[in-house]
Amino acid sequence: MSQIATFQKELEKEAVTTRKMFSVIPDDQYDWKPHQKSMTIKVLATHIADIFTWFGMTLNTSELDFATNPYQPENVDNTAELLSLFEKNLVQARTALANGKDEQLNEIWTLRNGEEIWVKDPKGEVIRMCFSQIIHHRAQLGVYLRLLNIPIPGSYGPSADEMGL
């Protein structure tokens, strides 16, 4: 199996889990955050949804420079809008991977803020990082939901809530 095909398979699995997690966010909790230094649920969930656009950006560009391309998240105010954004971005990810070639994965991709370089890695490693970012931030969202006493859907098997614990 090609590396791109492996990424496509992983994308579909992570999409299912992400969709389940997004679907349980109550509309009245989008401004909630567990700590003053934390992101709100709205910012965190939007960021997770936006990471799905990084697959195409990684495959189709050589870098992202925040100094010239500041992050402008789409505004969502409820779960229906979040799921719509997620599904749109998932289509972009699927298309990018479907059109991607394994040969691209060795090309260097850079994440920077002006002269400050944060990441300079082969595109295949950056795509791996994208998956890691989705999983990491989705786990954060799970903690937020747990603190709000919202039953958590399982990720890689049933959750304690699904098992009745």
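A pocket, as I use the word here, is an open set of points on a 1 Å grid over the protein atoms alone, points where a 1.4 Å probe fits, with protein on both sides within 12 Å along at least five of seven lines, and its lining residues have an atom within 4 Å of a point. Grid points are joined across faces, edges and corners, and a volume is the space filled by probe spheres set on the points.

What you see above is a predicted model, in which local features need pLDDT of at least 70 and side-chain atom pairs count only at pLDDT 80 or more, while totals for chains, interfaces and linings use all residues. Residues are numbered from 1 along each chain as its sequence is written, and side-chain values use heavy atoms, with hydrogens and water left out.

Let me start with the largest pocket, which holds about 330 Å³ of space. Its lining has 13 residues, and Trp54, Leu64, Phe66, Tyr71 and Gln72 lie nearest the centre. Helices α2 (41-51) and α3 (54-60) are the elements that give two or more residues to that lining, and α2 gives the most, with three. Helices here are DSSP runs of H or I with at least four residues, strands are runs of E with at least two, and both are numbered from the N terminus.

Why is α2 largely enclosed by the rest of the structure? Ten of its eleven residues are buried, so the remainder of the structure surrounds most of it; buried means under 20% relative accessible area, exposed over 50%, and partly exposed in between, with a 1.4 Å probe and protein chains only. The buried residues, among them Ile41, Leu44 and Ile51, pack against α1 (3-23), α3, α4 (79-99) and α5 (123-147), where contact means heavy atoms within 4.5 Å.

Turning to the rings, there are seven aromatic pairs, counted for Phe, Tyr and Trp (its six-membered ring) when centres lie within 6.5 Å, with planes under 30 degrees apart called stacked, over 60 edge-to-face and the rest tilted. Trp32 and Tyr144 have ring centres 5.8 Å apart and planes at 80°, so this pair is edge-to-face. Because Trp32 sits in the loop between α1 and α2 and Tyr144 in helix α5, the pair ties together parts 112 residues apart in sequence. Trp32 is partly exposed at 25% relative accessible area, whereas Tyr144 is buried at 5%.

Phe66, which we met by the pocket centre, forms a tilted pair with Trp118, 5.6 Å centre to centre and 40° between the planes.
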